[in-house]
Structure formats: C-alpha cells, structure tokens
Amino acid sequence: MGEAGKVQDEKLTELFNELVAKRIIISMNVVGAGFDRLTCVTGVTTDADSNYLLVDPPDDFKEAVGVKDLWHLRFNFNGPDHLEYIFSTRGGEFCEQSLKIPFPEHVERLQRRRNFRVITLTGAQMHFQLKKIQGVIDLINVSLGGVYGILTKHNFKFMRGPVLKIDQQLYDVSLVFPGDHDRPGNTVCVKKAQVKRVEHDQDRGFYRFAFEFAEMEKEEQNKLTQVIYDLQRWYLQRRK
C-alpha cells in the first residue's frame, strides 16, 4: 500500500483490519451537518455476503444525523504508511455499542502526507533559546509535523515586534507536556524547528507562531507519536 491510488477488494479488508489492530484514530464527518469528530474503527464484520465497519459512535452522533434514513459519512485518517486516506459511505445503523457502516467501494490513498493536529492540554509548552533570547510558547495544538502556540514569556522586556521571524530556525527545542495522576508527563526534544507563520493579535498584544519540525531523532518522533495518541484518546474518552 505504498503508492497513491485506490485501495479496494481484499486490500480493503486488510487496511481496515490494520486500523483495528493498531487503534488508528480517524476523523468522521456527517455530510451536510457540520459535524466532524475523532473516532476509531473497533471491528470488521460480515453479514449476508456484505462487509461492514464497526465504528465507535460519538455521543452526539444521533443529534447530528437527526431523522435521516440514509447516513452520508466521510472519513479520513493517516494510514500505517503515514499517507492520508479518505473514503465515504452511505447507509448504516446502530448496532449495540457501535455504528455498523457498509464498506465503501474503495478508499482513496493520497500522495500527500497529512498530520492530524490535536489540541494540547493546559500547561503544554515549547521552550527555545535563540542567541541571548530565551522564550516559552504556550502550545495550542501539536502534530507530528509541528506546533502552534502563543509566545507568553521571553527575557527581552523592551523588544518591539515579534521575537521570531518567518523562516527563522531554532535548535534543540523542548516540547513539555505535563502529566497528572492518570498519565505521566513527557518532554520531547526537537533538533531543529522552523518558523512557518507569525500572527499578531493587536487587541491583546501578543504573537502566535506556527513551527514546522525540520529535524528530529527517531526516538523523539516515537515519543511525540505516543503523546499525540494519548491526547486523541483522552478527547475520545471525554466525549463518552
């Protein structure tokens, strides 16, 4: 499944079984309802020679589909090869604790890589140093490809304008994710990050920055992947 194109027939079942086995998070959209939630595929089943996906339902799914007899759903996810996959289905029903949804004719595998951005919890920060500047970014969201947040602290009290500029590179950046009684905290080290976007909130007087990770050790990538999975599952649990 390394090339872009359509996944269908027996490869389709293999792909969905892999989603179940690896507990890959997917995004589900109810077409025309403005409803978009993270969820996961919990199983694959066969009924009367047709294949079905079993999907964990968000608790507000019933309100989103309303009285529609025929559900029209769109899904997308990052596959095991880190490419983006998309598909849509029509039909489905509630089945015990799951949504029972018919297999699509195919799944579209796109050439582009896509990283889910997940909202971080309070206290998540990025710490950086640039020459004599020491700064702290309060994180708003994070993905495997970068972070986005608000500059809340730096040691240059009288500096006017943004501390960082577009395309500026930072080295040996630390991402700090606090824990609680249910989960330990974690610190992820990024060897090189680059400023991709600068936003100025004139009303409140602060700057927001988007960073892209340019270089990271494999072990640190694995740690960040686990942090993101933990965040996704935390949000999924909160809505049950």
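A residue is taken as buried when its relative accessible area is under 20%. In this predicted model, 6 of the 7 residues of strand 5 (residues 72-78) meet that criterion, so the strand is largely enclosed by the rest of the structure.

Strand 5 has pairing partners that include strand 2 and strand 6. With strand 2 (residues 25-30), strand 5 runs antiparallel and is joined by 5 bridges; within this pairing, V30 has L73 of strand 5 as its bridge partner. With strand 6 (residues 83-90), the pairing is likewise antiparallel and extends over 7 bridges, and F75 stands opposite F87 of strand 6. Strands 5 and 6 form a hairpin with 4 residues between the strands, in which H82 adopts a positive phi near 70°. Both F75 and F87 also belong to an aromatic cluster, whose other members are F16, F77, Y85 and F103.

A further set of antiparallel pairings involves strand 15 (residues 186-201). Strand 14 (residues 169-177) is joined to strand 15 by 8 bridges, with S174 opposite C189. Strand 15 is in turn joined to strand 16 (residues 206-215) by 9 bridges, and H200 stands opposite Y207 of strand 16. The hairpin formed by strands 15 and 16 has 4 residues between them, and G205 in its turn shows a positive phi of about 75°.

Aromatic contacts amount to 11 pairs in the model. One of these is the edge-to-face pair of F35 and F61, with a centre-to-centre distance of 6.3 Å and an angle of 70° between the planes. Because F35 lies in strand 3 (residues 35-47) and F61 in helix 2 (residues 61-65), this pair ties together parts that are 26 residues apart in sequence. Both F35 and F61 are buried. The ring of F61 also pairs with that of F94: the centres are 5.9 Å apart and the planes lie at 75°, so this contact too is edge-to-face. F94 lies in strand 7 (residues 93-95), and the pair therefore connects helix 2 with a part that is 33 residues away in sequence. The two partners differ in exposure, since F61 has a relative accessibility of 0% and counts as buried, whereas F94, at 39%, counts as partly exposed.

Charged side chains are also placed over aromatic rings. The charged end of K62 sits over the ring of F94, 5.2 Å from the ring centre. K100 lies over the face of Y52, at 4.7 Å from the centre of that ring.

Notes: Residues are numbered from 1 along each chain as its sequence is written. This is a predicted model: local features need pLDDT of at least 70, side-chain atom pairs count only at pLDDT 80 or more; totals for chains, interfaces and linings use all residues. Side-chain values use heavy atoms; hydrogens and water are left out. Buried means under 20% relative accessible area, exposed over 50%, partly exposed in between (1.4 Å probe, protein chains only). Helices (H or I, at least four residues) and strands (E, at least two) are DSSP runs, numbered from the N terminus. Two strands pair if DSSP finds at least two bridges between them. Rings of Phe, Tyr and Trp (its six-membered ring) pair if their centres lie within 6.5 Å; planes under 30 degrees apart count as stacked, over 60 as edge-to-face and the rest as tilted. A charge sits over a ring if NZ of Lys or CZ of Arg is within 6 Å of the ring centre and within 35 degrees of the ring normal.
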